[in-house]
Structures are given as C-alpha cells and as structure tokens.
Amino acid sequence: MLVCDEPDNDGITTIDISTMETAILNGLATTEYTIYFYENEDDAEEGLPGMAIENPETYTNTVANTQHIYCRLENINTACYNVSSFDIVVQNVPEILTPTPLYGCDTLENGVATFMLNEKNAEILNGQSDISVSYYESETAYINGLNAL
C-alpha cells in the first residue's frame, strides 16, 4: 500500500487501511467474514479484538517509511481464520521549487514566443529523481488531467 507523506515528509502519516479489505476478501462475501488489522503477527494469530487496530479508517503508522500490517480474516460462522500481511510504504511528497522566469523573444513582434518548458525541469526538480514534470495551459486542465503540453 503506497501512500504519500503529508505534510512534513517524516515517514508518518494517517491513512485508511480499510481500503485493503476488498483485496483481502478476494471475492468472499463481506457478510460472512470479519477483518481485523494488527501491528504484530502474534496478536493477529491470537485474534484478540482488543489488540486490533481500533480505527483502521484513520490509522497513523507507528514505524516511519515502511510498516508491516497483519490482517486476520475470520469466518463469522465457523471462527476459522487466516492471517496475512501487507506493507504500508510512505513516500515523500516531492518538493517543487518555483523556477526563475523563462524569457523568450517575440521576433515577429506579434505577441507570440516559443518556449521550451522542459528546460526548467532540472531547476524545478532540484536533484530529485523518479519524478515526472508535466505542464498545462490552465489550472482547470491540470485538475482534470487534460491536455498536458
């Protein structure tokens, strides 16, 4: 489970781990099974509800950057269960620097100039890797993910 670290890039964030329930159920009926989340495997195996994560919808990880979470899938009719796990991986939010102005020449004196926006990528990224930069004509286009330049 990949999540962004908000707001301070300390590796700790609040997330909704209950969003993993569909994958955990893998097609099983929600009316026949209960899912509990735990921070350690022994508690998951014991199945003590008091040791389960109380509010999986607003869980704050306790181990920075990567934390192992155990889930217990229990049949409500038979009490048969299985324990599995997944990792929460907290990724830093990229720092975006405001670039210096980009100047162009209006050689035809018609109010139009050509710009190579990607010339500013290195300045915007400031050494960060594995991040892509996209440009849009308007904020609305960006919000809707339409027509990247």
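## Salt bridges

In this predicted model, Glu123 and Lys120 join their side chains in a salt bridge, with N and O 3.0 Å apart. The two partners sit in unlike surroundings: Glu123 is partly exposed, at 29% relative accessibility, while Lys120 is buried, with a relative accessible area of 12%.

The structure holds two salt bridges. Besides the pair just described, Arg72 bridges to Glu74, and their closest N and O atoms lie 2.8 Å apart. Arg72 is buried, at 6% relative accessibility. As general background, side chains of opposite charge can pair when their charged atoms come close.

## Cysteines

How many disulfides does the structure hold? The count is zero. A disulfide needs two cysteine sulfur atoms within 2.5 Å. For Cys80, the closest cysteine sulfur belongs to Cys71 and is 17 Å away, so the two are too far apart for a bond.

If you are thinking about which cysteines face the outside, here are two. Cys80 counts as exposed at 52% relative accessibility, and Cys105 is exposed as well, with a relative accessible area of 62%.

## The largest pocket

Now for the empty space. The largest pocket encloses about 330 Å³. It is lined by 13 residues, and those closest to its centre are Ile96, Ser132, Val133, Ser134 and Tyr142.

What is the lining made of, in terms of nonpolar, polar and charged residues? Nine of the lining residues are nonpolar, three are polar and one is charged.

How values were computed. Residues numbered from 1 in each chain as written. Predicted model: local features only at pLDDT ≥ 70, side-chain atom pairs only at ≥ 80, totals over all residues. Heavy atoms only, no water. 1 Å grid on protein atoms, 1.4 Å probe; cavity = no way out; pocket = protein on both sides within 12 Å on 5 of 7 lines; lining within 4 Å. Points joined across faces, edges and corners; volume = space filled by probe spheres on them. Nonpolar A, V, L, I, M, F, W, Y, C, P; charged D, E, K, R; others polar. Buried < 20%, exposed > 50% of the residue type's maximum accessible area, 1.4 Å probe, protein only. Salt bridge = Lys/Arg side-chain N within 4 Å of Asp/Glu carboxyl O.
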